[in-house]
Amino acid sequence: MRSDEANQWRDAARTEMQNFERHGVYVEFSEDQLQTWNSTSKRASEVIVMMWVLRKKKDEKGDLLKYKARAGLCGNQQKRKALASGTEHTLETFAPAARSATFNSAFAAGCVANLRVRQFDVEAAYLLGTFEGDDGEVCVRPPPDERFFDDRGVPIV
């Protein structure tokens with residue numbers, strides 16, 4: 001990362017990786033344990049690249065609250081690798097979303113009913129999806145700043 005805010009973005013990415021560890025989101029292993037490992041390129045073809053989605057969270061006045069980093073997978077790689085392996089990977093996730101008018105209506109209904117209404121931010125929420133036709137595992141190559149190698153120089157995924 002090259003910017004005046006690089007340190008803040010690195011801290012945000014580190015926080016996201018710590019959330020992954022705390023929630024047991026992944027298990028690390030050497031990439032050469034995968035069936036498609038190529039010793040020349042030092043890569044396995046079923047590994048999907050992870051990327052950072054960076055966003056500045058601001059308050060209602062537009063003042064910066066914090067830097068937020070979220071890990072994302074390249075979905076086009078996921079589909080291409082599934083087709084190449086001859087399997088039909090389908091990952092179904094559900095993420096509820098609502099328009100601001102819906103939230104306004106809910107808050108108004110709470111006020112009319114004299115209910116206590118609260119707002120909160122979820123620090124680390126992860127979607128849980130199910131895979132059909134495989135063992136439910138996805139192998140991910142972390143971003144460059146988060147990559148590690150075993151004592152033989154093999155990437156850890």
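## Contacts of W52

Setting aside neighbours within four places in sequence, W52 touches A13, E16, M17, A69, R70, A71, P143 and E146. The structure described in this report is a predicted model.

## Nonpolar cores

W52 also belongs to the largest nonpolar core, a group of 10 residues. The other members are W9, A12, A13, M17, F20, M50, Y67, A69 and V140. At least two residues of this core come from each of α1 (6–22), β3 (48–58) and β4 (64–73). The greatest contribution is that of α1, which provides five residues.

A further core lies apart from the one just described and contains five residues. Among them are L34, V47, C139 and V157.

## The sheet

How many strands form the open sheet, and in what order do they stand? The sheet has three strands, arranged as β4-β3-β7, and the pairing within the sheet is mixed. The edge positions belong to β4 and β7 (140–141). Each of these two strands has a single partner strand, so one side of each has no neighbour in the sheet.

Between β3 and β4 the pairing is antiparallel and extends over nine bridges. Individual positions can be followed across this pair. V53 has R70 in β4 as its bridge partner, while M51 is placed opposite G72 in β4. The hairpin of β3 and β4 has five residues between the strands. In this hairpin, G62 adopts a positive phi near 90°.

## The helix across the strands

Where does α1 lie? This helix lies across β3 and β4, and its direction makes an angle of about 55° with β4. The same three elements, α1, β3 and β4, each supply at least two residues to the largest nonpolar core.

## Cysteines

A disulfide is a covalent bond between the sulfur atoms of two cysteines. A search of the whole structure for such bonds finds zero disulfides.

Is C111 buried or exposed? C111 is classed as exposed because its relative accessibility is 57%, and the exposed class begins over 50%. C139, by contrast, is classed as buried because its relative accessibility is 13%, and the buried class covers values under 20%. C139 is also one of the five residues of the core that lies apart from the largest one.

Conventions. Residues are numbered from 1 along each chain as its sequence is written. This is a predicted model: local features need pLDDT of at least 70, side-chain atom pairs count only at pLDDT 80 or more; totals for chains, interfaces and linings use all residues. Side-chain values use heavy atoms; hydrogens and water are left out. A disulfide is a pair of cysteine sulfur atoms within 2.5 Å. Buried means under 20% relative accessible area, exposed over 50%, partly exposed in between (1.4 Å probe, protein chains only). A nonpolar core is a set of buried Ala, Val, Leu, Ile, Met, Phe, Trp, Tyr and Cys residues joined through side-chain atoms within 4.5 Å. Helices (H or I, at least four residues) and strands (E, at least two) are DSSP runs, numbered from the N terminus. Contact means heavy atoms within 4.5 Å. Two strands pair if DSSP finds at least two bridges between them. Axes are lines fitted to C-alpha atoms, for helices over the stretch in contact, and angles run from 0 to 180 degrees between N-to-C directions.
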